[in-house]
Structures are given as structure tokens and as C-alpha cells.
Amino acid sequence: MKYDIAIIGGGPAGYTAGERAAENGLKTILFEKNAIGGVCLNEGCIPTKTLLYSAKILDNIKSAAKYGIQADNAPGFDLGKIIARKNKTVKKLTLGVKAKLNGNGVTIIQGEAVIRGEEDGYILIQCGEEVFAVKNILLCTGSETVIPPIKGLSEIAYWTSKEALDVKELPRSIAIIGGGVIGIEFASFFNSMGVKVKIIEMMPEILGAMDKEISAMLRSEYTKKGVEFFLETKVIEVTPDSVIVEKDGKTETIEADKIQVSVGRKANTKNLGIETLGIELLRNGIKVNEYMQTSHPNVYACGDITGFSMLAHTAYREAEVAINHLLGHDDRMSYKAVPAVVYTNPEVAGVGKTEEELQAAGIIYNVVKIPMTYSGRFMAENESFAGLCKLITDTDDRIIGCHLLGNPASEIIIAAGIAIGNGFTTEEFKKNIFPHPTAGEVIHESLYL
């Protein structure tokens, strides 16, 4: 059977592309070897945020007295019900995505698809015993957890994010190897649940490329909550109940009941058959242009497989660009205003340039920093925590970066993203009316300083 487009991978990029392609009359087939929704919906974004919301409710109950609310008994939780609710949420959303694809006429094939080359103007894809002929391909196979070559790791029952999401019983203590977004979010959850958390990170600060000042402030908040951080520390060996580390030439043993590995993710490019089409790789992923086109004009790649911006919302937009280009519309991918969020309590969010990026590039910039308490709504809802809003502008007074610490940073950051994406100056952005009282007003307040 012949198709206009084959999509390999049913994660955020894949199912978005499938819907857009089918809606515009393209005969579409989608291959998924695991579960529709990909890592994001099944093992990442949605399940982690569901757990973190339960943790946030528990945190709020614990701090109720600050707000004049009496919670006479110590709050408890039912881990089984927390996990069951997470599973129910995931199932409901995955069924919804699948129903939408089916409703648009997308053919869904469960299985591993492999490219077998070209013949008579079509690209051949094999899945099981069947071979399909397609005009175009969109590669959306996502990424997988990086497992570092640490001595002893293969001999113990360590967790990745996948196992941590289905925990049946909480450990008394956990050592998380990796202080990036995934590691810190799980640290937040386990800390709220009463687990003793220890984070081991090779870099000088947590949260990778995010704003360093705000990262340090978040680390300080979690240190107050009892989380231990081991920065600039290298893991050299693990045992079933300990992590042996090295710092400044000295070794130390960090004891923990459970070890979780969260050192990052890598693009899934193997066993796809891309070599049959001569598709070019770049760094740790597939090379694409601004239309999400690979070195083969009829093959596109979106999402984590490009190895560039491993975020679900980036994948959504990349998929739209790819399908629009395939349909003949002039649409190009821009990465200058991609928000990044850490769903801890408090939340962290950033978009655009960081001070560190600008300093490294030798670019002159201006920065305004104000507490989140400049917002009356934030002040009313956050007792004893000031937070931070950092707004960065260039020498033409255009907004080029914004970084936030405080709830709900994830909901506020889009306003700054729109300003950066459209190249607004502070004077232009001032003309927008922000609803009052909202926490988002803090961005508006920063424009006047």
C-alpha cells in the first residue's frame, strides 16, 4: 500500500504531525513500536507532573498554618493511590491521542519500522513482514536514557525515571546521579514524600544550561528542605547501597538505599535504516535545516531525534513546520524563544538568552532583577518566599531573555516568550495589559525598572 507520508514514532512530534498531515488531505501512516504518546506522555512529562502535583498538595498542607489554616493531624499520603492516579491520567490522555489520530484517518501500525531504501520514486519501509511505499518520511523516534559506564552499575538494581515512576515502596534514602531537570524534579517529589535525597552532579551547578543564579537559588531552597547536593563530584563506582565519588582528588562514599541514574538522554537513531538513504548526522542526532528537512529532501526529522532541543513543546512546533513545508507553506523553525521549565516547588522557568550565554559570546546586555513579591497576587499566595524575576534586554532595549523562580513560573513564562519571539522592546511590551492581580504582572513590573 502507498502513502503520502510515513511517520516513524508516535510521540509529541509524531502524533502532532499525523494529525496535521491527515487534516490536510495527506494519506498518512504512523508506526509506533511501544505506546502512542511516546516518552513524554507515558514515561516523562505527564506522569512526572502528575506525581509532582500530588507532592505539591502535600507540601501545601504541611505549610497550611502559615496561611491561617489549621491542619491538626500530620498529613499523610497513599503512594498506591498516587501511582494509580498517575496511571489513570496517562491512560486517558493516550487514548485521547489515539482516538484523534484514528478520527483523522491516520493508519496506525504497532511495530518497529525500518527504512529499506528507495524504489520507483518511493521510500520503502518494512514493519514485520509487510513493506510500505511512501513519498515522504518524518522521523520522530525520540530519545532514550543515557546509562553511563559506571563501575558496578550493571550489577545493581538501579532506577531510571521509568522505574521511579512506578515505585511500589519508597526507599528511606535515594542517591540521584545527575542534577539536570529530570534529576531535580524527582528529587523534589521524593523530598516531599519524606525520602532523604542526595544529588550528585559533575558540573559546578544544577540544571545544566539554565540561568545559574536562579539554579543556585533553587538549590538553596532544597538544601533548606534537607536535600544534600554534591557538586563538581564524579561518580567512580556504585554498590547496591552506596555511591563512591571523587572530588578534588579525594574519594567519598555516599550511602543510599536506592540509586537513580538521571544523567541525560540521547537521540534514537539506531536500527532505523537511515544509512540506506545517506541521511547526515550532526553531533548526537540527525542534521536538519530550518524546515526540519534532513539531507534527503523527502525525509524530515523532529523532536529529540535531532539531539537539539529535547522538549515536547519544541517537538510540537517542529512537527508543524515540517508538515507545513511538505504542504508548500513558507514556515521556518526558530529556537530563540523556547521556554524551559522545571516543575519543582517552587517552579523554575526560563526563555531566551541567559547571562552566561551572553557573557560567553561577549555580548553587551542589560538585566533587571526583582523579587516575585512585586506581584500582589504572588505575595498573597507565597508566604516567606520572595522568588526572582530576571529580565534581560539588549542594547536596543529588546527583550532577549527572562528567567523566573516562583510559582507558577511555568504559566507566566509564555508572556516573556511571546515578547522575545516577536522582538518586542520594553516600550512596546509595556502597552500590553496584564490582568490584575496575577503573578504574571511581575514581568510587566520589571519593564519599568
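Modeller: Before we start, strands here are DSSP runs of E with at least two residues, and they are numbered from the N terminus. The model in front of you is a predicted one.

Colleague: Thanks! With that in mind, where is Arg-283?

Modeller: Arg-283 sits in the loop between β16 and β17, the latter being residues 285–286.

Colleague: Why does Arg-283 count as exposed?

Modeller: Its relative accessibility is 62%. Exposed means over 50%, so Arg-283 counts as exposed.

Colleague: And what makes the backbone of Arg-283 worth a look?

Modeller: Arg-283 has a positive phi of about 50°, although it is not a glycine. Most residues other than glycine have a negative phi, which is why a positive value gets a mention. Asn-271 is another residue other than glycine with a positive phi, in this case near 60°. You can find Asn-271 in the loop between β15 (265–267) and β16 (281–282).

Colleague: Is Asn-271 buried or exposed, and how do you know?

Modeller: Asn-271 has a relative accessible area of 61%. The cut-off for exposed is over 50%, so Asn-271 is exposed.

Colleague: Let's try the values in between. Why is Glu-228 called partly exposed?

Modeller: Glu-228 has 32% relative accessibility. Buried means under 20% and exposed means over 50%, so Glu-228, between the two, counts as partly exposed. Glu-228 belongs to strand β10, residues 228–230. In sequence, Glu-228 and Lys-198 are 30 residues apart, yet their C-alpha atoms are 4.7 Å apart in space.

Colleague: How do you know that Val-146 counts as partly exposed?

Modeller: The reasoning runs the same way: Val-146 has 26% relative accessibility, and partly exposed lies between the 20% and 50% cut-offs. Val-146 is in the loop between β7 (143–145) and α5 (161–164). From C-alpha to C-alpha, Val-146 is 5.6 Å from Gly-264, with their positions 118 residues apart in sequence.

Colleague: Now the helices. What makes α3 oblique to α4?

Modeller: Two packed helices are described by the angle between their axes and the distance between the axes. Helix α4 covers residues 79–103, and it packs with α3 at an angle of about 140°, the axes being 9 Å apart. That angle is not under 35 degrees, not over 145 and not within 65 to 115, so α3 is oblique to α4. Their crossing is right-handed.

Colleague: Why is α1 described as roughly parallel to α4?

Modeller: Helix α1, residues 12–23, crosses α4 at roughly 30°, and their axes come within 9 Å. Angles under 35 degrees count as roughly parallel, so α1 is roughly parallel to α4. This crossing is left-handed.

Colleague: Back to α3: which residues make the nonpolar surface patch?

Modeller: Tyr-53, Ile-57 and Ile-61 make a patch of about 270 Å². Tyr-53 lies in helix α3, which spans residues 45–62.

Colleague: How do you know that Tyr-53 can belong to a patch?

Modeller: Tyr-53 has a relative accessible area of 48%. Patch residues need over 30%, so Tyr-53 passes that cut-off, and at this value Tyr-53 is partly exposed.

Colleague: Last one: which peptide bonds are cis?

Modeller: There is a cis bond joining Asn-407 and Pro-408, with omega about -5°. Pro-408 is in the loop between β23 (399–405) and α11 (409–421). A cis bond also joins His-436 and Pro-437, again with omega about -5°. Pro-437 is in the loop between α12 (426–430) and α13 (441–446). Most peptide bonds are trans, which is why cis ones get pointed out.

Methods. Residues numbered from 1 in each chain as written. Predicted model: local features only at pLDDT ≥ 70, side-chain atom pairs only at ≥ 80, totals over all residues. Heavy atoms only, no water. Patch = residues over 30% accessible without salt bridge, like charges linked within 9 Å, V, L, I, M, F, W, Y side chains within 5 Å. Areas by Shrake-Rupley, 256 points an atom, 1.4 Å probe, with all protein chains shown as cover. Salt bridge = Lys/Arg side-chain N within 4 Å of Asp/Glu carboxyl O. Helix = DSSP H or I, 4+ residues; strand = E, 2+ residues; numbered from the N terminus. Buried < 20%, exposed > 50% of the residue type's maximum accessible area, 1.4 Å probe, protein only. Axes fitted to C-alpha atoms, helices over the stretch in contact; angles between N-to-C directions. Left-handed = near helix turned anticlockwise from the far one by under 90°.
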